[in-house]
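Colleague: Mind if I quiz you on some of the labels you've put on this model?
Modeller: Go ahead, pull it up.

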Amino acid sequence: MTDIVLATFSGSDVPGLTAKMMALCAQHQCDILDIGQSVIHDRLSIGLLLAIHTAESQSALRQQLQSMCNEEQLSLGWEPVSSERYSDWVAAQGSPRYIVTLLARRVTAEHIAALGAVVYRHGLNIDGITRLSGRIPLGPMPPSSKACVEFSVRGQTADRAQFKRELMSVASGLEIDLAFQQDDMYRRNRRLVVFDMDSTLIEAEVIDELAKRAGVGEQVAAITERAMRGELDFKASFRERLGLLKGLSESVLSEIADELPITEGAAHLISVLRRLG
C-alpha cells in the first residue's frame, strides 16, 4: 500500500539542503509527486509530495529527515494525504491556467489585495507567485524604478471577459499595469509582437501635437478624448480632426517627430525582442 505524505521544510537557506533530503528520499525509493522550492530573503521553503511504498520506509524516512532538520536548524512538517484528497488535486490539473503579471513602480499590499479579490470573486485560485524584477534597495525609490510580480492562476471562470474587465478596472484605479494571458505553449513561443504607437510606444498623441502647431489644439484634444471614451465614431472623429488641420505645412511633421518622447523602457523592450527574433 502506497502512502502519500506532504513534507515541508523551512529555515535558513544553506547550500546543499535539497541534495541531502533528496538522497534520503532516494534511499527509500520514494516517488516525487510534486515539488516546490522558494527563497524569500534568506529563508528557504521546500514542499515535497511523496509517495512512500511501505510503512517501514515512511517511519524511517521521517526520522532521518527530522535528524537532518535538527542538524541544519530547519522546521519539518509531515502531513499524510488521503487518496481522495490526492485524487481531487490531480483532477484539478485539467482546469484552464492563466498568467497575470503586475507591473508597478513598487508593488504594495494594496495591489495584491485588489488583484486577489478579483481572482477570488471569479472562482479562481492562485497556484504560485514569482517576483520577476530585481531586488529592491532600501531608501527612496529612483524615478525609473520597476517592480514586477507574476501570478499563476488556475480555474474555470464563468465570464472570462468580465474577469478581464475587472482586472483593467483595478489597473486603472491603482495606476499599475496588469497583463493577462492564457498559460499555454503559445505564450512561450511568441513570434510577432504588435504595438499601438500613440500613448504606448510614445508618450504623446501625434494628432494633438499637430493641432497645437495649427492653433486648434484644444478643439482637437477634446474630440480625441471623446473618441477614446467611445462617445464618437473613431473614423468620423478622425476626419473631423484632420479637417481642422487643413493648411498646416508638411514640414511640421519632421519637427514633431524629432521631439516625440519615447515611452520609458520602450527602446530596451524593442532591442530585447529583436534579440529574441
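What follows is a short back-and-forth on aromatic pairs and backbone angles in this predicted model.

Colleague: Why is the pair of Phe163 and Phe180 called edge-to-face?
Modeller: Of the 4 aromatic pairs in the structure, this one has its planes at 75° and its centres 5.4 Å apart. The cut-offs are within 6.5 Å for a pair and over 60 degrees for edge-to-face, so the label fits. The pair links distant parts of the chain, with Phe163 in helix α5 and Phe180 in strand β8, 17 residues apart.

Colleague: What makes Phe180 count as buried?
Modeller: Buried means under 20% relative accessible area, and Phe180 comes in at 19%, so it counts. Phe163 is at 0%, so that one is buried too. Both belong to one aromatic cluster with Tyr98.

Colleague: And why is the pair of Phe234 and Phe238 called stacked?
Modeller: Their planes are 10° apart, with 5.9 Å centre to centre. Stacked needs under 30 degrees, so stacked it is. They sit 4 residues apart in helix α8, about one helical turn.

Colleague: How do you know that Phe234 is exposed but Phe238 is partly exposed?
Modeller: Exposed starts over 50%. Phe234 has 52%, so it is exposed, while Phe238 has 36%, so it is partly exposed.

Colleague: What makes the phi of Gln29 worth a mention?
Modeller: Most residues other than glycine have a negative phi. Gln29 has a positive one, about 55°, and lies in the loop between α1 and β2. Ser199 also has a positive phi, about 60°, in the loop between β8 and α6.

Key: Residues numbered from 1 in each chain as written. Predicted model: local features only at pLDDT ≥ 70, side-chain atom pairs only at ≥ 80, totals over all residues. Heavy atoms only, no water. Helix = DSSP H or I, 4+ residues; strand = E, 2+ residues; numbered from the N terminus. Phe/Tyr/Trp six-rings, centres within 6.5 Å; stacked < 30°, edge-to-face > 60°. Buried < 20%, exposed > 50% of the residue type's maximum accessible area, 1.4 Å probe, protein only.
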